[in-house]
Amino acid sequence: MTKALRACAALLFLAGPVWAQHDPAALAERWGADGDLMNPLGRRARGRAELIELFRDEHTGYMRGTALAMRVTGMRVLTPSVIFFDAEALLTGVKTPDGRSVPALKHLVFAVAVEREGVWRFASARLSVPVPPPPSDAD
């Protein structure tokens, strides 16, 4: 594994421990200053201020007390300082406003990581929840 791939994998590996702090500013720091995110619900944020706001809303609401695990499923090095990657993610511990547990949220992540001045950060990330295919004629 190249140095760039190791650095990018470390960025993802640290997602779980940083997530567990539920600190919006620490989460937003994983992105470049002009980075963007679309969460699985379709909400978008661009730039650190919007990322902090998005993470604050999530982590003081339905994501409070959750845990995140990620597994890289593919990487493509575009340049020594730009990597595209795919990952599978599992969010556990989600609760409804009345405290009922929600099943774990399995979702997919597609992201671009960029190295600037020796530091890897997300430039862009898109999270999605796979949907089952429509029924076939045989069903």
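User: Before we look at any pair, what is a salt bridge here?

Analyst: A salt bridge is a side-chain nitrogen of Lys or Arg within 4 Å of a carboxyl oxygen of Asp or Glu. Keep in mind that this is a predicted model. With that cut-off, Glu-29 and Arg-48 qualify, their side chains meeting at 3.9 Å, N to O.

User: Why does the pair of Glu-29 and Arg-48 tie together separate parts?

Analyst: Look at where each partner sits. Glu-29 is in the loop between helix H3 (24–28) and S1, while Arg-48 belongs to helix H4, so the bridge ties together parts 19 residues apart in sequence. As for exposure, Glu-29 is partly exposed at 36% relative accessible area, and Arg-48 also counts as partly exposed, at 25%.

User: How many salt bridges does the whole structure have?

Analyst: A search of the whole structure turns up eight. One of them joins the side chains of Arg-116 and Asp-34 at 3.9 Å, N to O. That pair links distant parts of the chain, with Arg-116 in strand S5 (residues 105–116) and Asp-34 in strand S1, 82 residues apart. Arg-116 and Asp-34 are both exposed. Another bridge holds Asp-98 and Arg-100, at 3.1 Å, N to O, and both of those residues are exposed too. Bridges can also share partners: Glu-29, Arg-48 and Arg-121 are joined into one network that way.

User: Let's move on to the sheet. In what order do the strands lie?

Analyst: For a sheet, read the order across it and then look for the edges. This one is open, with six strands in the order S2-S1-S6-S5-S4-S3 and mixed pairing. Strands S2 (44–46) and S3 (67–79) are the edges: each has a single partner strand, so one side of each lacks a neighbour in the sheet. On average, neighbouring strands are turned by 20° against each other, ignoring direction.

User: And which helix packs on the sheet?

Analyst: Helix H4 (residues 47–59) does, touching S1, S2 and strand S6 (119–128). The direction of H4 makes about 45° with that of S1.

User: Which strand pairs are parallel or antiparallel here?

Analyst: Go strand by strand and find a residue pair to anchor each one. S1 (residues 31–38) pairs with S2 in the antiparallel sense over three bridges, and there Met-38 stands opposite Arg-44. On to S6: S1 and S6 run parallel, joined by four bridges, with Asp-36 partnered by Ser-124. S5 and S6 are antiparallel again, over nine bridges, and Val-109 stands opposite Leu-127 in S6.

User: What should I look at in the hairpin of S5 and S6?

Analyst: Check the backbone at the turn. Two residues lie between the strands, and Glu-117 takes a positive phi near 55° in this hairpin.

User: Back to charges. Is Glu-58 buried or exposed?

Analyst: For a charged residue, ask about burial, then about partners. Glu-58, found in helix H4, is buried yet has no salt bridge. The nearest side chain of opposite charge is Arg-43, 6.1 Å away, and the salt-bridge cut-off is 4 Å.

User: What does Glu-58 touch, then?

Analyst: Leaving out residues up to four places away in sequence, Glu-58 touches Trp-19, Asn-39, Met-63 and Arg-64. With Asn-39 there is a side-chain polar contact of 2.8 Å.

Methods: Residues are numbered from 1 along each chain as its sequence is written. This is a predicted model: local features need pLDDT of at least 70, side-chain atom pairs count only at pLDDT 80 or more; totals for chains, interfaces and linings use all residues. Side-chain values use heavy atoms; hydrogens and water are left out. Two strands pair if DSSP finds at least two bridges between them. Axes are lines fitted to C-alpha atoms, for helices over the stretch in contact, and angles run from 0 to 180 degrees between N-to-C directions. Contact means heavy atoms within 4.5 Å. Buried means under 20% relative accessible area, exposed over 50%, partly exposed in between (1.4 Å probe, protein chains only). Lys and Arg count as positive and Asp and Glu as negative; His and the chain ends are not counted. A polar contact is a pair of N or O atoms within 3.5 Å; within protein, one must be able to donate a hydrogen and the other to accept it, and residues adjacent in sequence count only if both atoms are side-chain atoms.
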